[in-house]
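Student: I would like to learn how to read a structure with metal sites and a bound ligand. Could we go through one together, step by step?

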Amino acid sequence: MDNKNYIIIIATVFLSMSIFSCKHHGEEYHSITDKIEAESKNYHGTSISSEGHLGDEKMIEITVGEHTFLIPERKSQIKSFACTECHSKPLNELQSSEGIKKAHWDIALNHADQNTMNCTTCHNEKKMNDLTSLTGHTIDFNKSYQLCAQCHTKQFDDWQGGAHGKRIGGWAPPRASMTCVNCHNPHKPHFESKWPARFNTQKVKERE
Ligand code: HEC
Ligand code: HEC
Ligand code: HEC
Ligand code: HEC
C-alpha cells in the first residue's frame with residue numbers, strides 16, 4: 001500500500017469514530033436536564049449523615065409548619081424536674097407566711113415588664129409539669145418554642161426556616177437545631193454586652 005491509501009484509511013477511521021461517538025451522545029441525551037435525570041436514576045439521596053455528629057445528646061423530632069427537624073430534649077436537663085415532686089399542693093401552702101422565699105432563689109424574672117409577665121404567664125400551679133399558653137393550653141417542656149412563638153413571631157418564623165438560632169451536627173441530614181431555651185434563659189433572655197476577649201492594651205494605658 002502506498003502512503004496515499006494509508007492516509008485515506010486513517011482519515012476514514014477517525015471520521016467514522018467521531019461520527020459514531022457524536023451520534024452516540026446525541027441519541028442518549030437531548031438536553032442537559034435529560035442527562036441529569038438519566039444519570040441520577042440510580043441515585044437514592046446522599047449516604048452521608050450528620051447523625052454521628054450529634055453526640056450523646058437526646059433529641060426529639062418536631063414538625064413546625066412545613067419543617068420537620070430534631071431539637072434537644074429538655075426535661076432531662078431541667079434540674080428541678082419533675083416539678084410535682086414538690087408542687088403536689090397549692091402554692092400558698094408551699095410559700096412561707098413570713099414572705100421568706102423557700103425555693104428557686106436563683107430565679108429572678110427579667111423578661112418584658114412586670115405588668116406583662118409573671119411566673120403564671122408560663123407556669124400553671126395546677127399543672128406544674130407542663131408549661132401553659134396565654135390562653136391556658138398545655139405546652140410540653142420539650143416544646144417550649146411554642147411558648148416563645150406566641151409573642152416572638154418574627155424570630156420563631158426565622159428559626160423554623162433555620163435563619164435564627166444554630167444548626168448542630170452537620171450540614172447533612174437529618175437537620176438538628178438548637179431550641180430557644182438552649183440559648184435564651186426564659187427568665188432573663190437578654191444577652192449581656194461583653195468586653196472583647198482581647199483587650200486593647202493601648203486604650204487601657206491611655207485611660208490610666
Ligand atoms: C424541691 C422542691 C421544688 C421543686 C422540685 C420545684 N419547686 Fe417550684 N416551688 C417550691 C417552693 C417551696 C415554692 C414556694 C417558694 C416560696 O417560698 O415563695 C415554689 C414556688 C414556685 C413558683 C411560684 C413562685 C412565686 O414567686 O410565686 C413557681 C412558678 C414554681 N415554683 C415553678 C416550678 C417549676 C416550673 C418547677 C419544675 C420545673 C418547680 N417549681 C419545681 C418548691 C419546688
Ligand atoms: C416566658 C415564660 C416563663 C416565665 C415568665 C417564667 N418561666 Fe420558668 N421556665 C420557663 C421555661 C420555658 C422553662 C424551661 C427551660 C428549659 O427548658 O431549660 C422554665 C423553667 C423553670 C424552672 C426549672 C428551672 C431549672 O433549671 O430547674 C423553674 C423552677 C421555674 N421555671 C420557675 C419560674 C418562676 C418561679 C417564675 C417566676 C418568677 C418563672 N419560672 C417564670 C418559662 C418561664
Ligand atoms: C407573653 C409574651 C412573651 C412570651 C411568651 C415570651 N416573650 Fe420574650 N419578650 C416579651 C416582651 C414583651 C419582651 C420585651 C421586648 C422589648 O423590650 O423590646 C421580650 C423580650 C425578649 C428577648 C429580648 C431581650 C433583650 O432585651 O434583648 C428575648 C431574647 C426573648 N424575649 C426571648 C424569649 C424566649 C426564648 C421565650 C420563650 C421561652 C419568650 N421570649 C417568651 C414577650 C414574651
Ligand atoms: C443558637 C442560639 C439561639 C437560638 C437557638 C435562638 N436564639 Fe434568639 N437570639 C440569639 C442571639 C445571639 C441573638 C442576638 C442577641 C443580641 O443581639 O444581643 C438573639 C436575639 C433574639 C431576640 C431579640 C431580637 C432583637 O432584635 O433584639 C429574640 C426576641 C429572640 N432571639 C427570640 C428567640 C426565639 C423565640 C427562639 C426560638 C424560636 C430563639 N431566639 C432561638 C441566639 C439564639
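Student: Which protein donors does the iron atom of ligand 1 have?

Tutor: In general, donors are N, O and S atoms within 2.8 Å of the metal (3.2 Å for Na, K and Ca), and as water is not among the atoms, sites may look incomplete. Here His87 (NE2) and His104 (NE2) are the protein donors of the iron atom of ligand 1, lying 1.9 to 2.0 Å from it. This is a predicted model, in which local features need pLDDT of at least 70 and side-chain atom pairs count only at pLDDT 80 or more, while totals for chains, interfaces and linings use all residues. Residues are numbered from 1 along each chain as its sequence is written, chains are lettered from A and ligands numbered from 1 in the order in which they are written, and side-chain values use heavy atoms, with hydrogens and water left out.

Student: What is the arrangement of the 6 donor atoms around the iron atom of ligand 1?

Tutor: Six donors count as octahedral if opposite donors are over 155 degrees apart and all others between 65 and 115. The angles at the iron atom of ligand 1 are 89 to 179°, so its 6 donor atoms are octahedral.

Student: Where do His87 and His104 lie?

Tutor: Helices (H or I, at least four residues) and strands (E, at least two) are DSSP runs, numbered from the N terminus. His87 is in the loop between β2 (67-72) and α3 (91-94), and His104 is in the loop between α3 and α4, so the pair ties together parts that are 17 residues apart in sequence.

Student: Is His87 buried or exposed?

Tutor: Buried means under 20% relative accessible area, exposed over 50%, and partly exposed in between (1.4 Å probe, protein chains only). His87 is buried at 17%, whereas His104, at 37%, is partly exposed.

Student: Which residues coordinate the iron atom of ligand 2?

Tutor: His123 (NE2) and His187 (NE2) coordinate the iron atom of ligand 2 at 2.0 Å, and this site, with angles of 87 to 179° among its 6 donor atoms, is octahedral. His123 lies in the loop between α4 (119-122) and β3 (131-132) and His187 in the loop between α7 (180-183) and α8 (201-207), so the pair ties together parts that are 64 residues apart in sequence. With a relative accessibility of 23%, His123 is partly exposed.

Student: How do β1 and β2 run?

Tutor: Two strands pair if DSSP finds at least two bridges between them. Strand β1 (residues 59-64) is joined to β2 by 6 bridges, and the two run antiparallel.

Notes:
Four donors count as tetrahedral if all angles lie between 85 and 135 degrees; four count as square planar and six as octahedral if opposite donors are over 155 degrees apart and all others between 65 and 115; anything else is irregular.
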